[in-house]
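Notebook open, viewer open. I'm jotting down what I look up as I go.

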Amino acid sequence: MKLSARNQIKGTITNINEGAVNGIVTLEFAEEKITGTISMAAVKELGLTPGTKAVAVIKATEVMVGIGEMTLSARNKLSGVITEINEGAVNAIVKIKVAGENIISATISLNAVKELSLSVGKEVVAVIKATSVMFGIEE
């Protein structure tokens, strides 16, 4: 699957919590989990069931970067280490190595990079709301 979204994490669907309109889908990868809220129509159209191989897709602009302990409502908090920071005039792309060899890219403001004193090697948390996670399957 070729997409412009920077974050594409391959894994296996482990759970689907079905609701009337939406479902909460859990994808496991490298002993980590990503949870996404998608429509039940999409769950059925994709044929998602526990055991299905799938890809979680997250735009880099939907990833927040935090440091330290955080109590948040966001379902997805992936701990990792910054491997690269590409600074632009206004924004920066921060690459975070999470479980296994997976890299999560976050597009955040340059001000946030400076305010959080982000640097290569720093331990951070990639924070992603479940509603920002899409799923795909390879046909």
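Started with L48. Skipping its neighbours within four places in sequence, I find L48 in contact (heavy atoms within 4.5 Å) with I13, I16, V25, I38, V43, A54, F135 and I137.

Note to self on the source: this is a predicted model, where local features need pLDDT of at least 70, side-chain atom pairs count only at pLDDT 80 or more, and totals for chains, interfaces and linings use all residues. Residues are numbered from 1 along each chain as its sequence is written, and side-chain values use heavy atoms, with hydrogens and water left out.

Next I looked up the largest nonpolar core (buried Ala, Val, Leu, Ile, Met, Phe, Trp, Tyr and Cys residues joined through side-chain atoms within 4.5 Å; buried means under 20% relative accessible area, exposed over 50%, partly exposed in between, with a 1.4 Å probe and protein chains only). It has 35 residues, and L48 and F135 touch the most other members.

Then P50. I found P50 in the loop between α1 (40-46) and β4 (53-58); helices (H or I, at least four residues) and strands (E, at least two) are DSSP runs, numbered from the N terminus. P50 is exposed, at a relative accessible area of 54%. Beyond residues up to four places away in sequence, P50 touches I13, T14 and I16.

Last, β6 (residues 76-87). Which strands pair with β6? Pairing takes at least two bridges found by DSSP. I see β6 antiparallel to β9 (residues 123-128) over six bridges, with L78 opposite A126. β6 also runs antiparallel to β7 (residues 91-97) over six bridges, and there E87 stands opposite A92. A hairpin of three residues joins β6 to β7.
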